Amino acid sequence: MTFITHIKSAFSEPQKLTLKMALTLLSVSSPLLLNNTSWAQIPGRTKVFNQSQQLQKKSVQSNLDNINAALTQYTSKNTTLDEKRKVIDVFKQNLKNPDKQVRIAATNALSAIGTGADDALEDLKNLLKTEQNRDVLISVILAIQSIDAKPAILELTNIFKDENQDLQVRSMAAGALEKTTLDTKQAKELIPLLLKSLKNQSVDRTNLRISAASALSKMYDHLDIAPDAVQILTESLKDPAWRVRRYAADALGNIGVNAKSAIDPIIAAYKEDKNYTMRQSAVVALGLIGSVSDAKDGLKILPVLNQALNDQSDIVRSSAAEAMRFITTKFAEDAKSNKLKTKELKNAIPEFEEALKSLEKLDPEEKNSLKVTIENIQSSLKELKHRQFINQILEQPSVWGIGAYLVLLFGIFWLRPLWLLKIDQALKSVGSFKLPVIDKEISLSWLLLILKYHPRVLDAWVEAHLKSAQEAFQQKDTVRNRNVYIPIPVVNNGQTFAQLRGKDLRSTFKKQRACLLIQGDGGVGKTSLSCQIANWAMSDDETERLCKHRMLPVLIEEELEIPNEIENQSVQGKKSPSTRTLIAAIQGQLQNLTDETEDISEQLLERLLRERRILVIVDHLSEMNEATRKAIRPDFPDFYVNALVVTSRSEEKLGGVTKTTLKPLLIEGNRLSSFMEAYLTQANRRDLFTDPEFFQACSHLSQMVGGRKVTALLAKLYADQLIAVKVEGIQQSPLIRSGNIPELMLWYLNELNRSVTAEGNKLSDRIVRQDAKIIAWECVKQTFQPTTAKRDTIVAVLSGNDPENRLKYLEERLHLIQTIGAAQDKIRFALDPLAEYLAAMQMLELCQNNQDFWNEFWHQITTASVGIDPITGFLLALQDCIQILGKEANVPQTITVGLSQLLDATELVEVQQDFLTKEKGVEIAKLEAETQMEKAKAVDNSGGNGSGLLDGLIATTLRNQAIQQHLVKSSMKLESSAPSAAFPQGQIICTHCGTKNPSSHKFCSKCGVALTIECDVEKN
């Protein structure tokens, strides 16, 4: 770039005219300034000022002054176009002046004006032909270049090819030609001349070679005209002048693919040249050539570019990164069009990876400046690796089969996911297979690993077995006996739900490990609730499901027969004996549910359990043996049952895992009518009863239990008795047959036996009751909780003929008992509360007048390590039986009184612990009663038959009773914290029910109401 160009580029448009005027003035005094070469060698393009001292003639000075004045006028804002033309004419006239200084000043003025002086081009071209002075010729060439060199291409070319012309003038001509556009004819004449000038490497021709090489680097579109262009330029890579070497490399790079023969010389030039600018041009040339050459040439270039990425010069590194980007893009495009071979890809990918490593090592600022370049290289490399993988597959015919297999596999997975499990079984016998791509032995079954136990496959397995599982589950005795489910209030982790629904448990079962404990006394509805949870797990209604997917329920009711090994023994990689036994039990139950003829594989079962497709329900865990209880430990690492429901009378720890605890509440008196109504309605028997009959039945049940809260089981048995009386159709028979709970339990036995139709094989009601009481006592007497008894022991204690057939009758015909255990050597009652009442009756029969037995019994229950809570159900049953049969059994008064006090104390603790829950229960009762009242008002206002009004009255009565009971319980709580008032000696008559109580009692033994000093006292 010339000095003038540097100056001009530093100014904006409005400053240019002023600048040009200054340059003209300077040219007068110092023409060396405007020369294109160094000031010491040739006169420059300076403005004509202060040269008057050198001019001897006044006419020369006058002409110089006229030129300066004309240029000043031209640059004035007020000068018109015509005036500007006249100024140009002044300059044109001075081009013919005999004095060279005047001619130089005139050309410099035209150069300063630039394109606006195009009218003077012809005069300048003529001057090129006639002028002999080198300084004037240089000024003329600069003026032409400033105005427009294209019309003077011929004249400039002639100047350049004139071997007799000054070398500097020829260099200036080449520089002017470099900046113009040549047509083919012009290029055909000029390019050989430029190439020829490169061959003479003498020192005096250095500037000429530089100008020629620079011009050639810009004329690459026409270099194919000269067949020897690449060869001459390649030779110029060794020119002594680094600028020549640089422009030669630029020209070769611009030539592109036709210059690929110069790749090796350019590489050598990069490695040998110490000038960083030359190394930069070499790197750029390699990138340009490589970006249009084939992969073979590109692979030759890549190692050099990687070397350049570690060059000392940041300019070279930056250019190398861009060159690498050009070539990676070319490789990626060729890969997409399948032009690259696998071997070429294999050799290129490491080079590109090495380039990225080098770029990663750059300092943050330099790396950030190349961010886009690095991203482009990464993108291209990704495409190359993808194509390499495809090529490897396509070049390995054996892999085609695997590809087709995978396509088929995923098609099956999407359309018929269950087939994957069958395919897995078939492939296990195939053995291993060597995969060529990764050169590794694998089994075809292994290829199914990520899919065969995918949730989609497990859901398909569940759906395939859902119908049979639903049918089989409903046929289980435990489930069939609870086919009518009536929602009862439950406490869920401290929150009371008047009516629990499946969606209320989603927060528990959406976890990866779901553990639910249903805890409460016998008969409260734990098993019924667990059966309903199982139905929710299989529900067709997504809004009622426990989670998004369905689950198949497995009910574990029997104790596990664990081998005589250390129960918690667990070797790494192996399951403990207790876990193996539990899994075997689940496997057997699941096979029965699904009606599968072949065993369910342990692997499949494990995935079903881990992915919560199997809901395991362990019923009455608190009554099972210690070995079984230890097997239900969700905290053990080999316990992979991730959807677990446990029912128990106790607050099970379950290894301390996070769990949800449900506590079904007893039916309060204020909810009894609602429960009975719902049960009879769901059983399609509500229309058998008029409203007065229904109200009478509810009131009788409340009186029968002595004001206590009612278990769901007891209410169901009572409702079943009412239904049976109505269905029998005996009008003269009273609606209420049982006056107390023991009678209700005996009626239930008779009702079961009445349903047996085979006369010849039917046992009498007396034998059924007798055997049932004996068996119940054997199941209860060890712990005073319903548990199992050995079959052999029961057979031994049963009196009469053929005890085995009688047991079979009770189990198969009445479904009263169950034979359990792996060896089928244990018996348990189907209903725990029934077992407790029958056992209490049997106990009274066995212990008549036996004071020692009662003393031992009292000692056992008052010193039991488990406390009173687990045996409260049996003690309540015994208390009820004593009230009815106590006199006949001659039960000691101390036992009767002590039992009443013991249960009173237990109930008081329960009130204290659950006081808030009872408050919520009263609120629920109030809401239900108000609903009934609204219903009654609506019926009354509409002129109905009055049945709704009766419902409202019943509800009001029950609401008042509930509130009264709530206040009684509250007074019990307050009384427990204050000193008790001393009662007079004698019998205390309850003001609520009229029952006589010993003076030592704090609460009525029948209704539970607190006895106060206001009660009547009947002295002894």
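In this predicted model, strand β5 (residues 514-519) and strand β9 run parallel and are joined by three bridges. Strand β9 covers residues 660-664 and also pairs with strand β3 (residues 490-492), in the antiparallel sense. The points below take β9 and its partners, then a three-stranded sheet, then a surface patch, and end with totals for the protein.

**Strand β9 and its partners**
- On the β5 side, Ile518 has Leu662 of β9 as its bridge partner.
- The pairing of β3 with β9 extends over three bridges.
- One of the residue pairs here is Val491 with Lys663, the latter lying in β9.
- Strand β9 is mostly covered, with four of its five residues buried.
- In a regular strand, side chains point alternately to one face of the sheet and the other.

**The sheet β10-β12-β11**
- Three strands form an open sheet in the order β10-β12-β11, and their pairing is antiparallel.
- Its edge strands are β10 (789-790) and β11 (817-820), each of which pairs on one side only.
- Strand β12 spans residues 826-829 and is joined to β10 by two bridges.
- Ala789 is matched with Ile827 of β12 as its bridge partner.
- Helix α37 (residues 803-813) packs on this sheet and touches both β11 and β12.
- The direction of α37 makes an angle of about 105° with that of β11.

**A nonpolar surface patch**
- Leu406, Phe410 and Ile450 make a nonpolar patch of about 290 Å² on the surface.
- Of these residues, Phe410 belongs to helix α21, which runs over residues 397-415.
- Phe410 has a relative accessibility of 42% and therefore counts as partly exposed, because that class lies between the buried limit of under 20% and the exposed limit of over 50%.

**Totals for the protein**
- The protein has 1020 residues, and 51% of them are buried.
- Its secondary structure consists of 43 helices and 15 strands.
- Taking contacts between residues at least 6 apart in sequence, 67% join residues at least 24 apart.
- The accessible surface is about 48400 Å².
- Carbon and sulfur atoms account for 50% of that accessible surface.

Definitions and conventions:
Residues numbered from 1 in each chain as written. Predicted model: local features only at pLDDT ≥ 70, side-chain atom pairs only at ≥ 80, totals over all residues. Heavy atoms only, no water. Buried < 20%, exposed > 50% of the residue type's maximum accessible area, 1.4 Å probe, protein only. Pairing = 2+ DSSP bridges. Contact = heavy atoms within 4.5 Å. Areas by Shrake-Rupley, 256 points an atom, 1.4 Å probe, with all protein chains shown as cover. Axes fitted to C-alpha atoms, helices over the stretch in contact; angles between N-to-C directions. Patch = residues over 30% accessible without salt bridge, like charges linked within 9 Å, V, L, I, M, F, W, Y side chains within 5 Å. Salt bridge = Lys/Arg side-chain N within 4 Å of Asp/Glu carboxyl O.
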